Amino acid sequence: MKHTALADPIILAVTSLSAACAFICSYFLQLYMDNQDQYTAVVGVMFLDGIFGIIAGTKREGFKTHKALSVLRNTFVWVMILSAVLMVEKGFNGTAWLSEVVIVPFMVFQLVSALKNASMAGYIKVGLLNEILDKIDRHKGNRNE
């Protein structure tokens, strides 16, 4: 095998790039493993709301692919937000409360949305729940009863 001067920079570039990718992947793997309950909760809540929303939307107006794909997009966005918040928590002492303050209120609203979607899909038939949820989550319109 003939050794050329051109091969050295290419090998160096490939090695550097693969080392950087390995570092970034291992950092996010460790971040996930340290906070797997939070990631699982975010994905679970987003999918719960999304699945009930798809079912309710299908009953109202038929299946819409772009609305179904928005479940994946919204889940990805919330995972990215959680990752950014957790990186700030990890990087700065005294900010361990940040994920609870930033993420939990939005997850509560997503749970409320999931309850309303489940109700609109016909899985929850409690009049008081429907009345409360109608007052909280008005952007989805009125329920067909």
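## A tour of the five-helix chain

Begin with the whole protein chain under a surface representation: its accessible surface comes to about 10,000 Å², and carbon and sulfur atoms hold 70% of that area. Keep in mind while looking that this is a predicted model.

Switch next to a cartoon, where the protein chain shows five helices and zero strands, in the order α-α-α-α-α along the sequence. If you colour the 145 residues by burial, 28% of them fall in the buried class. Should you then draw the contacts that have a separation of 6 or more, 65% of them join residues 24 or more positions apart.

Now select residues 36-61, which form helix α2. Its 26 residues should span 38 Å because each residue contributes 1.5 Å, and the end C-alpha atoms, 36 Å apart, agree with that expectation. Within α2, show the side chains of the buried residues, among them Tyr39, Val42, Val45, Met46 and Asp49, and add Gly50, Ala56 and Gly57, which are buried as well. Step past the end of this helix to Gly62, which follows α2 and has a positive phi, near 90°.

Move on to residues 65-91, helix α3, whose 27 residues reach 39 Å from the first C-alpha to the last, close to the 39 Å expected at 1.5 Å a residue. The buried residues to select here include Ala68, Val71, Thr75, Trp78, Val79, Leu82 and Leu86. Also buried in α3 are Ser70, Ser83, Val85 and Glu89. When viewing such a selection down the axis, recall that an α-helix has 3.6 residues a turn, so residues three or four places apart point the same way.

Terms used:
Residues are numbered from 1 along each chain as its sequence is written. This is a predicted model: local features need pLDDT of at least 70, side-chain atom pairs count only at pLDDT 80 or more; totals for chains, interfaces and linings use all residues. Side-chain values use heavy atoms; hydrogens and water are left out. Helices (H or I, at least four residues) and strands (E, at least two) are DSSP runs, numbered from the N terminus. The expected span of a helix is 1.5 Å times one less than its number of residues. Buried means under 20% relative accessible area, exposed over 50%, partly exposed in between (1.4 Å probe, protein chains only). Contact means heavy atoms within 4.5 Å. Accessible areas come from the Shrake-Rupley method with a 1.4 Å probe; for residues, only the protein chains shown count as cover.
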